[in-house]
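Good morning. Please have the sequence and the 3D view open while I talk. I will go through helix contacts, then aromatic rings, then a few backbone details.

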Amino acid sequence: MLLSLLILFSSFLIGYLISRKFFKTELFAPSLLFGIIIFAYLIFLISLVLGFGTNSILATIAICVIAAIFMIGKNPLKDLFSPKLLFSKDSLLVFLFSLLLLGFASTKAIDFSNGMNVVSQDWATHLGIANTLAEGNFPMQYPYLSDLPFSYYYFGHLYIASLVKGGIGIFLAYPFIVVLVISAFISSLYSISRDFFKSKLGGLLSIFLMFFSSTCTACLINDSAWFSPFFTFSANSGFPIRPLLLSFSFNQLPMAFSFLFFAIFLKAFLELEKDKRILLIGQLVALLPMFGAFFFALSFILVAYLLLQGKNFGAWKIGLFSLIVGWAQFLLLYKEKAGAASTLQFVHVELYAHSQSIIDLLLFWFQNAGGHIVLAIIGIILIKPNKEFLKLYAASALLFILASIIAVFPDPWANEKLFAPFLMLTSILAAGLLLKLFSFKNEFKYVPHLLIILALLSSVHQFKFFISPTFDIAQQSLGDKSTLEACSWLKENTPQKSVIFASEKLEDSGCIFALAGRLAFYSNNYWVSSQGLNVQTFENEQKRILSGEIPAIRQHKIDYLLSNSELERKISPVLRANLDVVFEKGGVKIYKVNLH
């Protein structure tokens, strides 16, 4: 536990000192973000030499502390450190409220009522990424496709794995960081909007419209009906139907980091002078690929923003360098032809993707975000936001339009990454207009009250999120009692890098990586198909293993087999001759593979 506290302290310390170089107030969110970024990159590089473990963690802590000492220099500590620099009183209240509310929700994201056997489907995956890292899966392989390199934004998971190594359990470390990051985003959003509109009410309205509005909840529509207006007509009238942005960021660690990246991105636009602004947003774009899902979006926005700078050579130099650094990392991931980077394979460069007409597109967005877009447009006219905000909004709007027409991924989750920046800025502008209408003394003064009441009435059931935060996200069982005990046995009695064979149809196999922290082959058909991998290839390999082909077993480095009654029937006599039962309970067996 002491080691975990040292990780938190040293990373936040270095993040705070860097934040002071750019910002003057509300330093908590950028300090948290910069600290985690620096610690994760350092631990990654050091672990390549020392291996991931206590020694690499101690070395990273030492480097952070030594760097902090040099940065402090001879400056009086009382001038450098002050609680007032982290939060204003009102933003602190917003942060604490978010922390408590989301902390409570996190206790509901894992169902402890039956042996901790049900979690959000995304939590099972992301817990597994962090837990297998903590158990020695470094350099990273797929937890559920054990012999493939892991091309995904996993540096946030690496930070959590460091905390687990330091003594905090995975079921505390993961929700703690997720809740901390989202709460920092919410408080940062509040303070940015408050200062932008010079109103505390403006900050609160921005939070309300962003987290409880159809503007940011309509992006998850399945399959070929993704743009179909008929799919959403009965479910969404333009006001909230469910807090997808909240539940999406809550259930996906990379998205939580992406939102915090975007908040600091926006803070830089509104608070920094041009040179510092370009420097900071360039650094964020360069470092985002290993943390979050907004890399496509922020890269595009940075390029569009640079085009609006004209012949400013200094801005172009910094911006292009940042893009080269960021895309170099991304292309290294793409080279593996797997994981997040492989989404490049899915881009459909065609007009009106999924055979949707321009009318379909317009109707879809009118139903799902039309109200807020109209409010934002009127807001631009009445509020007259500064030029830098308008440049950022124009760049994100261009991406929004292009992504709606030609750059559509088949996986709806991927589309959220392209649309979200525009929709989030739209919510802020819509909040500004409502704030403006509150000041009117004529017949329009009742309009914002009516809009807010209507939004609340149409979204009361959204608040179910805080009781059951996975209610609009698929759930995954980690296992019945016997399977959980089997996975506990695996954690306690097998080498850290053991590979467990499990059918993708073996119910509850998620506990292999989420609970036991072991690698599996292969237990996540959805991940295979959504990441551009060939499902049939893996099914054929599974058949080869079950038939007892020794080369296939050796190729995939299978150490154990987790079986239930269904899988038992598929084990061939040839394979069974090489298996020894090491665990058996309630129809669940664990075999050790012994190749003679």
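**Helix contacts, rings and backbone**

Let me start with two helices: the axes of helix α2, residues 28-50, and helix α13, residues 253-271, come within 10 Å of each other and cross at roughly 125°. An angle between 115 and 145 degrees falls outside the parallel, antiparallel and perpendicular ranges, so α2 is oblique to α13. As for handedness, the crossing of α2 and α13 is left-handed. Keep in mind that this is a predicted model.

Which residues of α2 and α13 make the contact? From α2 they are A29, P30, L32, L33, F34, I36 and I37, and from α13 they are F257, L260, F261, I264 and K267. Sorted by class, the contact of α2 with α13 has 11 nonpolar residues, no polar ones and 1 charged one.

Take A29 as one residue to follow, sitting in helix α2. Is A29 buried or exposed? The relative accessibility of A29 is 4%, and buried means under 20%, so A29 counts as buried. Leaving out residues up to four places away in sequence, A29 touches A184, S188, L260 and I264. There is also a pairing across the chain to point out: A29 and S187 are 158 residues apart along the chain, and their C-alpha atoms are separated by 7.8 Å.

Next, a second pair of helices. Helix α8, residues 155-165, packs against helix α9, residues 170-197, at an angle of about 140°, and their axes are 9 Å apart. That angle makes α8 oblique to α9. Here the crossing is right-handed. On the α8 side the contact is made by Y159, I160, L163 and V164, and on the α9 side by I170, A173, Y174 and I177. What classes do the residues of this contact fall into? The contact of α8 with α9 has 8 nonpolar residues, with no polar and no charged ones.

Now the aromatic rings. A pair of aromatic rings is described by two things, the distance of the centres and the angle of the planes. In this model the count comes to 30 aromatic pairs. I will show two of them.

One is F196 with F389, a stacked pair with 4.8 Å centre to centre and 25° between the planes. Where in the chain do F196 and F389 sit? F196 is in helix α9 and F389 is in helix α18, residues 387-405, so the pair links distant parts of the chain, 193 residues apart. F196 has a relative accessibility of 18% and therefore counts as buried. F389 is buried as well, with a relative accessible area of 1%.

The other is F295 with W327, a tilted pair with 5.1 Å centre to centre and 55° between the planes. F295 lies in helix α15, residues 295-308, and W327 lies in helix α16, residues 313-334; the two are 32 residues apart, and this pair too links distant parts of the chain. F295 is buried, at a relative accessible area of 3%. W327 is at 27%, and because buried stops at 20% and exposed begins over 50%, W327 counts as partly exposed.

Rings can also be grouped. Y41, F44, F52, F138, Y154, F155, F257, F261 and F291 form one aromatic cluster. Two of these names have come up before: F257 and F261 are among the α13 residues in the contact with α2.

F138 from that cluster brings me to the backbone. What kind of peptide bond joins F138 and P139? The bond is cis, with omega at about -5°. P139 lies in the loop between α7, residues 121-134, and α8.

Finally, two residues with positive phi that are not glycine. E26 has a phi of about 50° and lies in the loop between α1, residues 2-22, and α2. K557 has a phi near 55° and is found in the loop between α25, residues 550-555, and β8, residues 560-563. Which of the two classes, buried or exposed, applies to E26? At 9% relative accessibility, E26 counts as buried. K557, with a relative accessible area of 57%, is exposed.

That is the end of my part.

Conventions: Residues numbered from 1 in each chain as written. Predicted model: local features only at pLDDT ≥ 70, side-chain atom pairs only at ≥ 80, totals over all residues. Heavy atoms only, no water. Axes fitted to C-alpha atoms, helices over the stretch in contact; angles between N-to-C directions. Helix = DSSP H or I, 4+ residues; strand = E, 2+ residues; numbered from the N terminus. Parallel < 35°, antiparallel > 145°, perpendicular 65-115°, else oblique. Left-handed = near helix turned anticlockwise from the far one by under 90°. Contact = heavy atoms within 4.5 Å. Nonpolar A, V, L, I, M, F, W, Y, C, P; charged D, E, K, R; others polar. Phe/Tyr/Trp six-rings, centres within 6.5 Å; stacked < 30°, edge-to-face > 60°. Buried < 20%, exposed > 50% of the residue type's maximum accessible area, 1.4 Å probe, protein only.
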